[in-house]
Amino acid sequence: QNQNQQEDQQARQEEMQKKREEMQKKQEEQGLKMMQKGMAQAARGVAQMKKYFDKVAKKGVTIPDDCTEALTKIQTTIDTIKNATTFDEAQEADPESMRDDFETLNECRQKVEMLSQIPNILKRVDKEIKNRERDWVRAKKNAPADVADAVAEGDAILQSIKDARQKVADA
């Protein structure tokens, strides 16, 4: 009788262990599905950011390396999790690191927005330089001979403005 009780108890323990394992497996499957669903949403955000970076790059703006690296790291993590067959595989992709990478991307978006304004600013600067140069040429035509030093200084100032503008274009 004592042996029967031990066998019954062992059978119950094995059954409980089996149920715990099944429950853990279900939880991991649900966790994996939730992670993969979250990655689908993250993938849409990454796709939007990539599209924005591509659009801005076509306008001649150089996307900073830290931005493209963060985008690549996030995409790699997303792909790894999407293709994972177990919860452990998905966890190995380190989805928590994506938080920092998304933060970097948000900072990058702000940087890139500012950088994307540079071509428009340079156009306005070029227009202003051209207007000032035109005004200066007119002023020089009507300048009396005794202000030659001032004219030379004005020419030097205009040239230094043009040189500064060229440095920006070359940078």
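Here are a few friendly notes on the core of this predicted model and on some side chains worth a look.

1. Let's start with the core. The largest nonpolar core holds 25 residues. Phe-53, Ile-78 and Leu-105 are the ones with the most contacts inside this core. If you are colouring by element, the helices giving two or more residues to the core are α1 (2-58), α2 (65-83) and α4 (97-141). Of these, α1 gives the most, with 10 residues.

2. Phe-53 is a good place to centre your view. This residue lies in helix α1, and its relative accessible area is 4%. Phe-53 counts as buried because that value is under the 20% cut-off.

3. What does Phe-53 touch, once residues up to four places away in sequence are set aside? The partners are Ile-63, Cys-67, Leu-71, Leu-105, Cys-108 and Val-112. One of them, Leu-105, is itself among the residues with the most contacts inside the core. For a distance to check in your viewer, take Cys-108: 55 residues separate Phe-53 and Cys-108 in sequence, while their C-alpha atoms are 9.6 Å apart in space.

4. Next, the rings. The count of aromatic pairs comes to 1. That pair is formed by Tyr-52 and Phe-53, with 6.2 Å from centre to centre and 50 degrees between the planes. Is the arrangement stacked, edge-to-face or tilted? The pair is tilted, because 50 degrees is neither under 30 nor over 60.

5. Tyr-52 deserves a point of its own. Its relative accessibility is 15%, so Tyr-52 also falls under the 20% limit and counts as buried. Besides pairing with Phe-53, the ring of Tyr-52 has the charged end of Arg-109 sitting over it, 4.2 Å from the ring centre. If you plan to look at one charge-over-ring arrangement, Arg-109 and Tyr-52 provide it.

6. Finally, a look at helix α2, where Thr-77 has its place. Is Thr-77 buried or exposed? With a relative accessible area of 8%, Thr-77 is buried. Leaving aside neighbours within four places in sequence, Thr-77 is in contact with Ala-93, Asp-94, Pro-95 and Met-98. Next to Thr-77 in the numbering is Ile-78, listed with Phe-53 and Leu-105 for the most contacts inside the core.

Methods
Residues are numbered from 1 along each chain as its sequence is written. This is a predicted model: local features need pLDDT of at least 70, side-chain atom pairs count only at pLDDT 80 or more; totals for chains, interfaces and linings use all residues. Side-chain values use heavy atoms; hydrogens and water are left out. A nonpolar core is a set of buried Ala, Val, Leu, Ile, Met, Phe, Trp, Tyr and Cys residues joined through side-chain atoms within 4.5 Å. Buried means under 20% relative accessible area, exposed over 50%, partly exposed in between (1.4 Å probe, protein chains only). Contact means heavy atoms within 4.5 Å. Rings of Phe, Tyr and Trp (its six-membered ring) pair if their centres lie within 6.5 Å; planes under 30 degrees apart count as stacked, over 60 as edge-to-face and the rest as tilted. A charge sits over a ring if NZ of Lys or CZ of Arg is within 6 Å of the ring centre and within 35 degrees of the ring normal.
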